[in-house]
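Colleague: I have the model open. Can we go through it piece by piece?

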Amino acid sequence: MNVLQVKELTKKFGDFAAVDKLSLTVREGEIFGLLGSNGAGKSTTIHMIASLLLPTKGEIRILEKDISKNRSFAKRNLGIVPQDLAIYEDMSAYENVSFFAGLYGLRGSELRAKTEEALEFVGLSDKAKHYPKTFSGGMKRRLNIACAIAHKPKLIIMDEPTVGIDPQSRNYILASVRKLNEMGCTIIYTSHYMEEVEEICTRIAIMDHGKVIAEGTKEQLKATITDVKDIRIELRALVQGESRAWKAIPGVRSVVTEENLLRIQSDASVDNLNRILRLLMEEGNEIRAVEELEPNLETVFLTLTGRTLRD
Ligand SMILES: Nc1ncnc2c1ncn2[C@@H]1O[C@H](COP(=O)(O)OP(=O)(O)OP(=O)(O)O)[C@@H](O)[C@H]1O
């Protein structure tokens, strides 16, 4: 069964299309990754799925039902973990979860039981009476998750849930995503950290400028770039050379610089490493290390867009 279907979805702010004829299908049981750089349109897409923003055009179906005609059905079956924390500092952890679960329609003993279950799930049972202002960033993120899952939605959308938290909390959150999935939830996970998406997602859509530019399992996505090699060169310090000089080297498709690192995308069939290194030295660079990288999702993104995910 399709848990989510998005058809030709568009959102315009004035003349600017933040989401541009985007189509997606997420099937039951998937951990679906939505990967894209800042500003790609991930949050705008999620806000439309959550009925917080009205699409300019297009259709969204949750569990096969059009959300514009079945609002309460969509709300019951959807849990959103927003990028910006949606918790109240002046309510205890328990009161926060109970408040949000109440908004989804839970009442009485069911509300109490599911609030406790959600706090237990994110490992905050012993902090139920504590106020979020005493929590670390990671604990707040976990509370944010508890608020979104207490009503046991079929589809959970997490919008960059690991931004700005310590590695331990990050691992806890990733483990929770897997556990929720094992418990039968379908998950959409947005991120601009490709390592996370590679680690947990069963299928991935790469977004850029409001569109899906590639979609598939990580193996399928990587298989699309067998004709490209991705070279990483570490310099002592980058001496900015003449950009036209790169264009004269056969096979070079794009060059991205990040502080003292260069990432060069080149046709795999062209033997040009010597020319690349010679050019760098002629420009006065001191080369520290050269490495040909195994293709990963970052390579796929770089090949398709000529930019890194952090640009
Ligand atoms: N209310 C708005 N009015 C005008 N432009 C907007 C509005 N909301 C978003 N945008 C623009 O739409 C584009 C997509 O933004 P969006 O927040 O969806 O990206 P994102 O992929 O979620 O990025 P991030 O990872 O930074 O959240 C951006 O260029 C943003 O500036």
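Colleague: How many bridges join β12 to strand β13?

Modeller: This is a predicted model. Strand β13 covers residues 261-267, and β12 runs antiparallel to it. One bridge partner pair is threonine 257 with leucine 262 in β13. The number of bridges joining the two strands is six.

Colleague: Which strands stand at the edges of the sheet, each with a single partner strand?

Modeller: The sheet is open, has four strands and pairs antiparallel, in the order β12-β13-β11-β14. Each edge strand has a single partner, so one side of it is left without a neighbour in the sheet. The twist from one strand to the next averages 20°. The edge strands are β12 (252-258) and β14 (287-293).

Colleague: Which helix gives the most to the largest nonpolar core?

Modeller: That core has 70 residues. Val97, Ala146, Ile156 and Ile187 touch the most other members. Beyond its neighbours within four places in sequence, isoleucine 156 is in contact with residues including Val81, Leu180 and Ile187. With seven residues, the top contributor is helix α5 (residues 137-149).

Colleague: How many residues are in the second, separate core?

Modeller: Its members include Ile233, Leu262, Ile264 and Leu280. Leucine 262 is also the bridge partner of threonine 257. The residue count of this second core is seven.

Colleague: Where does the largest share of the shell around the ligand come from?

Modeller: The residues around the ligand include Phe13, Asn38, Lys42, Ser43, Thr44 and His192. The shell divides into three nonpolar, eight polar and one charged. The largest share is three residues, from helix α1 (residues 42-49).

Key
Residues numbered from 1 in each chain as written. Predicted model: local features only at pLDDT ≥ 70, side-chain atom pairs only at ≥ 80, totals over all residues. Near = placed C-beta within 6 Å. Nonpolar A, V, L, I, M, F, W, Y, C, P; charged D, E, K, R; others polar. Pairing = 2+ DSSP bridges. Axes fitted to C-alpha atoms, helices over the stretch in contact; angles between N-to-C directions. Core = buried A, V, L, I, M, F, W, Y, C linked by C-beta atoms within 7 Å. Buried ≥ 20, exposed ≤ 12 C-beta atoms within 10 Å, placed from the backbone. Contact = placed C-beta atoms within 7 Å.
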